[in-house]
Amino acid sequence: MSEYADTPEIRIGRVHLWHPEHTLAVTDLPERATLPEARDRQLLALGIDRVRVAHGLTEVDLAERAALDALAGSGTDPADLDGLLLVQGRAPEYLMASEATRLQHRIGATRALTLGVGDLGCVSSSAAIEIGAALLRGRGGPGRILVAMGVRAAATARYRPPMTVLGDCGAAFLLTTGDDDAGGAPYTSTGDTGGSAPYASAGDTGGSAPYTGPYTGGSAPYAPGGDGDGPAPHPGGGRSARYRLLGQELRSDGRYADLFRIRYRELPPERWAEECADENAYSFQLAIESRNRLRDLNAELLRRCATAQDELAAVVMQNLSMGAFAFWQDALGLKIADVCRDNLAGHGHLGPADVLMNLERLAPSVPAGGKVLVMNSSPVAAWCTALVERLPD
């Protein structure tokens with residue numbers, strides 16, 4: 001029997017994704033003009049066709065849009081949230097300010113315990129699930145925690161040599177206990193007219209009047225539902241959760257803490273650039289370390305959850321490159337779901353939102369009761385393996 005069997009059931013809601021309207025083909029990346037020929041060939045071989053670009057939108061803006069979609073889609077009044085976890089970006093708009101409580105104010109989560117979760121790169125979304133699950137288990141009763149994030153490239157160049165191309169998006173979902181599935185009539189936020197009218201934000205414009213959109217820089221005015229790629233609002237009376245969390249294992253190693261970095265103190269933002277301190281360490285040493293870590297975490301998690309590897313309905317992980325998928329399949333003896341390749345081609349790497357998007361897009365093809373292994377890793381370095389079970393719609 002699983003060692004998690006006696007703990008309260010934690011459910012992961014439908015992931016609501018908000019994608020900026022503007023797209024940028026990889027062949028049109030401005031940095032290609034200065035890349036050496038070998039590096040340019042490497043870029044074009046990643047398997048990424050295009051990315052979305054959030055002109056004029058901050059990470060909190062992106063998180064807000066996805067958060068409001070998740071609340072509307074699950075029929076949740078933000079004032080009823082027990083917790084709000086913001087997966088923080090890598091470049092906050094201001095130092096000393098709180099982006100988590102800014103999001104809390106914008107969406108009206110007035111009584112929610114509000115925290116920022118970050119510093120583990122892609123694995124920060126897995127850390128948010130770990131923290132959210134612990135908070136829910138500690139309540140001793142029904143509870144709802146919203147996890148939200150805005151993913152936006154921090155540097156001007158979107159190509160992160162030698163590994164991937166960065167895209168922008170917002171993502172949000174509810175964590176609930178088994179006895180509070182957040183079903184019911186859709187919550188209607190201010191300005192929400194079913195996805196047609198622009199959303200009028202509660203606003204954070206430095207203390208002035210609420211911002212009423214539209215946002216500038218090429219994106220359409222916000223309307224719940226984003227660009228249509230995310231799930232539609234959930235009809236009243238049904239189940240809003242997608243998966244049951246069976247277990248999760250997370251580890252980190254500070255030897256790689258600054259393997260990738262942006263020097264920002266001495267440079268203006270327009271000159272920020274992502275640097276890999278040691279490509280050999282990344283491509284070989286960390287690759288072997290990650291293989292061993294994920295192999296061991298997978299084995300431990302499946303043992304704890306009394307699940308055999310051949311019982312898995314699917315395996316997903318973050319989207320870096322086609323070469324990375326081939327490496328992981330060979331190294332771990334697991335077939336990575338095709339949805340990951342599709343999302344990689346159309347959106348590039350979305351940091352902590354990658355595994356969430358892959359889980360959501362995979363859901364229609366997984367039968368009720370099917371188990372999905374979720375592998376997440378980050379070059380900081382951190383690794384996480386989770387096992388989830390598909391719930392019936």
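1. Let me start with the residue classes around the largest pocket of this predicted model. Its lining divides into 24 nonpolar, twelve polar and eleven charged residues. That makes 47 lining residues in total, and those nearest the pocket centre are Gly-89, Arg-90, Ala-91, Ala-154 and Ile-262. The volume comes out at about 1100 Å³.

2. Which strands each supply at least two residues of that pocket lining? They are β7, spanning 144–151, and β12, spanning 260–262. If you have the structure open, Ile-262 is a handy place to begin, as one of the residues nearest the centre of the largest pocket.

3. Now for the enclosed spaces. Searching the whole structure turns up four cavities of 30 Å³ or more. The largest cavity has a volume of about 100 Å³, and the second largest has about 60 Å³.

4. The lining of the largest cavity contains ten nonpolar residues, two polar ones and no charged ones. Four elements each give at least two residues to this lining: helix α4 (124–139), strand β11 (241–252), helix α8 and strand β16 (382–390). Among the lining residues you will find Ile-12, Ser-126, Ile-129, Leu-245 and Gln-248. Val-374, Cys-384, Ala-386 and Val-388 also line the largest cavity.

5. Helix α8 deserves a closer look. Is this helix mostly covered or mostly open? Helix α8 runs over residues 354–362, and eight of these nine residues are buried, so by the under 20% relative accessible area cut-off it is mostly covered. The buried set is Asp-354, Val-355, Leu-356, Met-357, Asn-358, Leu-359, Glu-360 and Leu-362. Note that Asp-354 and Glu-360 are in that buried set. Val-355, Leu-356 and Leu-359 also line the largest cavity. As a reminder on helix geometry, an α-helix has 3.6 residues a turn, so residues three or four places apart point the same way.

6. The second largest cavity has another make-up: two nonpolar, five polar and one charged residues. Its lining consists of Gly-13, Arg-14, His-16, Ala-70, Gly-73, Ser-74, Leu-174 and Ser-240. Helix α2 (residues 59–74) gives the most to this lining, with three residues.

7. On to helix packing. How do α7 and α8 sit relative to each other? Helix α7 covers residues 338–347, and its axis lies 9 Å from that of α8, at an angle of about 125°. The two helices are therefore oblique to each other, and their crossing is right-handed.

8. Helix α7 also packs with helix α6, which spans residues 322–332; their axes come within 10 Å and cross at roughly 160°. Angles over 145 degrees count as roughly antiparallel, and α6 and α7 are therefore roughly antiparallel to each other. Here too the crossing is described as right-handed, with α6 passing α7.

9. Finally, a small point about Arg-50, which lies in strand β4 (residues 50–52). Is Arg-50 buried, exposed or partly exposed? Its relative accessibility is 40%, so it counts as partly exposed. Arg-50 and Ala-25 are 25 residues apart in sequence, and their C-alpha atoms are 4.1 Å apart in space.

Terms used. Residues numbered from 1 in each chain as written. Predicted model: local features only at pLDDT ≥ 70, side-chain atom pairs only at ≥ 80, totals over all residues. Heavy atoms only, no water. 1 Å grid on protein atoms, 1.4 Å probe; cavity = no way out; pocket = protein on both sides within 12 Å on 5 of 7 lines; lining within 4 Å. Points joined across faces, edges and corners; volume = space filled by probe spheres on them. Nonpolar A, V, L, I, M, F, W, Y, C, P; charged D, E, K, R; others polar. Buried < 20%, exposed > 50% of the residue type's maximum accessible area, 1.4 Å probe, protein only. Axes fitted to C-alpha atoms, helices over the stretch in contact; angles between N-to-C directions. Parallel < 35°, antiparallel > 145°, perpendicular 65-115°, else oblique. Left-handed = near helix turned anticlockwise from the far one by under 90°.
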